[in-house]
Amino acid sequence: MEQFFVPNTRIETDRLVLRRHEPADFDRFWSYVTDPVAKRYTGGVTRLSKIERKAVFEQDCALPFIGGEAEFAVVSKSERTYLGYCGIRHSSELGGAELFYGFCRDSWHKGYGAESAAAVVRYAFETLGHSRLYASCEAENTASLSILRRLGFSQLPKDTTLDCGVPLR
């Protein structure tokens with residue numbers, strides 16, 4: 001895939017703004033990465049100290065979106081509150097571009113995951129030029145499975161990886 005730089009990418013939906021992470025997002029982000037319930041299906045809580053994780057977070061805020069990858073902060077339009085993240089990254093394990101997301105627990109069951117994931121899937125196909133996306137989730141994570149199926153992902157045989165090969169229209 002061609003390497004390119006997208007400096008000020010911003011996506012808006014009816015209720016959300018998807019934008020680059022900003023240092024001001026860190027406190028809500030920290031509450032997410034240290035919440036064992038919220039992180040149950042996304043790699044577990046961070047092992048870094050708050051100071052170490054903040055340094056990594058601030059470095060990540062300065063990185064450009066390059067090479068068909070982007071991680072967006074998901075923010076409520078009305079309250080301007082950081083809700084979580086959603087993005088596209090290359091996955092060697094899955095063999096292609098992977099949709100990923102995670103949300104603060106107080107943002108669950110409000111449709112933010114589906115709304116932001118739909119916007120990022122559209123962005124991946126229409127702007128980044130991906131022709132196929134993958135996503136993976138634990139079979140017990142029924143909320144995430146529901147989102148992915150509504151977006152057109154289908155489960156690959158004998159796996160919990162879901163594949164979306166058709167752009168949403």
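What is the volume of the largest pocket? It is about 840 Å³ in this predicted model. The close-up views below cover the pockets and the nonpolar cores.

**View 1. The largest pocket and its centre.** The largest pocket fills about 840 Å³. Its lining comprises 35 residues. Closest to the centre are Tyr-41, Thr-42, Tyr-101, Asn-141 and Ser-144.

**View 2. The wall of the largest pocket.** Strand 6, strand 7, helix 3, strand 8 and helix 4 each give two or more residues to this lining. By class, the lining holds 17 nonpolar, twelve polar and six charged residues.

**View 3. The second largest pocket.** Its volume is about 520 Å³. It is lined by 24 residues, and His-21, Arg-53, Asp-60, Glu-71 and Phe-100 are the closest to its centre. Two or more lining residues come from each of helix 1 (26–33), helix 2 (50–62), strand 4 (65–66), strand 5 and strand 6. Helix 2 gives the largest share, four residues. The class count is 14 nonpolar, three polar and seven charged.

**View 4. The largest nonpolar core.** This core has 33 residues. Phe-72, Leu-99, Tyr-101, Leu-133, Leu-151 and Phe-153 have the most contacts inside it. Elements giving it two or more residues include strand 3 (16–19), strand 5 (70–76), strand 7 (96–103) and helix 4 (142–150). Helix 3 supplies the largest share, ten residues.

**View 5. Another core, apart from the largest.** This core has 14 residues. Among them are Trp-30, Ala-38, Cys-61 and Ala-73.

Conventions. Residues numbered from 1 in each chain as written. Predicted model: local features only at pLDDT ≥ 70, side-chain atom pairs only at ≥ 80, totals over all residues. Heavy atoms only, no water. Core = buried A, V, L, I, M, F, W, Y, C linked by side-chain atoms within 4.5 Å. Buried < 20%, exposed > 50% of the residue type's maximum accessible area, 1.4 Å probe, protein only. 1 Å grid on protein atoms, 1.4 Å probe; cavity = no way out; pocket = protein on both sides within 12 Å on 5 of 7 lines; lining within 4 Å. Points joined across faces, edges and corners; volume = space filled by probe spheres on them. Nonpolar A, V, L, I, M, F, W, Y, C, P; charged D, E, K, R; others polar.
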